[in-house]
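I opened the model today to look up what surrounds the ligand, and then how the interior is put together. My notes follow in the order in which I looked.

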Amino acid sequence: MKYHDEYRTVFVSITRIVYNAENMLSTFYRIECNFLYGKTEFVSNAASTNSVIHKKPRGKRGKMLQHKGTNSIETLRLLLRRFEKSDAKDMFHNWAGDPEVCKYLSWGPHKNIGVTQIRIDSWRNQYNYEDTYVWAIELKSIHQPIGSISVEISDDKAKTCEIGYCLSRPYWNQGIMTEALRTVMRYLFYEIGYEKIIAKHDVLNPASGMVMQKAGMKFEKVLYQVSRRRDGTLCDCAVYAKNIWED
Ligand SMILES: CC(C)(COP(=O)(O)OP(=O)(O)OC[C@H]1O[C@@H](n2cnc3c(N)ncnc32)[C@H](O)[C@@H]1OP(=O)(O)O)[C@@H](O)C(=O)NCCC(=O)NCCS
């Protein structure tokens with residue numbers, strides 16, 4: 001009986017230590033997250049747009065992904081939000097209909113607003129699934145979507161995903177996509193639990209590689225002749241990646 005009580009006391013002490021250590025860790029996570037996010041705010045679409053919900057980062061190793069879908073995120077200049085039905089005109093005129101924007105993308109410029117509308121409707125249907133991450137990049141100063149950023153491929157077991165993006169030409173080289181990519185990566189790391197995020201670009205499109213570098217991704221390798229461009233030539237793709245513990 002005596003031994004039984006002693007074991008129980010030891011067990012309770014160990015449990016308390018583990019519990020306190022876990023609490024301390026999650027406090028560190030929260031402090032680190034507040035520090036990293038700065039002015040960034042995650043807004044649940046389920047809640048009213050006025051109610052800003054700051055959540056404890058969940059991206060601890062060993063846990064499952066916690067999909068939450070395309071929630072709105074605000075940065076200094078941008079509002080990353082879900083596409084709305086009424087965005088078709090702006091999307092078509094600002095980027096989807098521009099051959100220069102689509103030059104290195106797998107899809108060609110949209111022929112008319114109808115094509116853009118179908119694209120948006122399809123994304124809006126996908127928003128019903130919590131593992132859909134497709135943001136319109138709205139420039140707050142003009143209240144217009146000027147680009148998009150999305151998770152294109154996700155491997156939930158490996159906790160990795162691939163991001164793609166595009167931006168309206170008049171807004172290139174102002175750091176806008178770097179701002180969007182950094183923010184989206186933090187959301188995917190700390191809110192959803194991804195541990196590695198990758199992005200690829202055609203080697204003929206170095207500006208995209210610069211965005212990846214400026215957002216803290218590291219060059220991994222070149223995949224030679226891995227896909228075919230729309231002009232029929234073979235495309236070499238540079239792969240960049242970032243791990244959560246490098247953030
Ligand atoms: C690639 C793209 C998203 C970049 O967005 P952006 O907001 O202009 O990017 P940023 O301003 O954050 O950074 C671009 C960087 O590339 C640099 N850059 C631009 N053209 C370059 C070139 N030809 N070679 C090397 N660097 C270049 C810019 O100088 C800038 O770096 P800096 O801030 O150190 O000066 C945008 O050009 C785009 O949408 N292009 C068409 C679609 C596309 O290619 N999507 C990516 C597919 S992988």
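Entry 1, ligand. I am working from a predicted model, and I began by sorting the shell around the ligand by residue type, which gave 13 nonpolar residues, seven polar and one charged. In total 21 residues surround the ligand, and I noted Leu 167, Met 177, Thr 178, Ala 207 and Met 210 as the closest. The elements that give two or more residues to this shell are β6 (160-167), α5 (176-192) and α6 (206-214). I then asked which element provides the largest share of the shell, and found that α6 does, with six residues.

Entry 2, core. I next looked up the largest nonpolar core, which has 44 residues, and listed those that touch the most other members: Ile 137, Ile 149, Ile 163, Ala 180, Leu 181, Val 184 and Leu 188. Elements that give two or more residues to this core include the strands β3 (78-81), β4 (134-139), β5 (144-155) and β7 (196-202), as well as the helix α2 (88-96). β6, α5 and α6 are also among them, and α5 gives the most, with eleven residues.

Entry 3, one core residue. I followed Ile 137 and, leaving aside its neighbours within four places in sequence, found it in contact with residues that include Leu 78, Leu 80, Ile 149, Leu 167 and Ala 180. Leu 167 had already come up as one of the closest residues to the ligand.

Entry 4, whole protein. I recorded six helices and nine strands, with 30% of the 247 residues counting as buried. Among contacts between residues at least 6 apart in sequence, 63% join residues at least 24 apart.

Note on methods. Residues numbered from 1 in each chain as written. Predicted model: local features only at pLDDT ≥ 70, side-chain atom pairs only at ≥ 80, totals over all residues. Near = placed C-beta within 6 Å. Helix = DSSP H or I, 4+ residues; strand = E, 2+ residues; numbered from the N terminus. Nonpolar A, V, L, I, M, F, W, Y, C, P; charged D, E, K, R; others polar. Core = buried A, V, L, I, M, F, W, Y, C linked by C-beta atoms within 7 Å. Buried ≥ 20, exposed ≤ 12 C-beta atoms within 10 Å, placed from the backbone. Contact = placed C-beta atoms within 7 Å.
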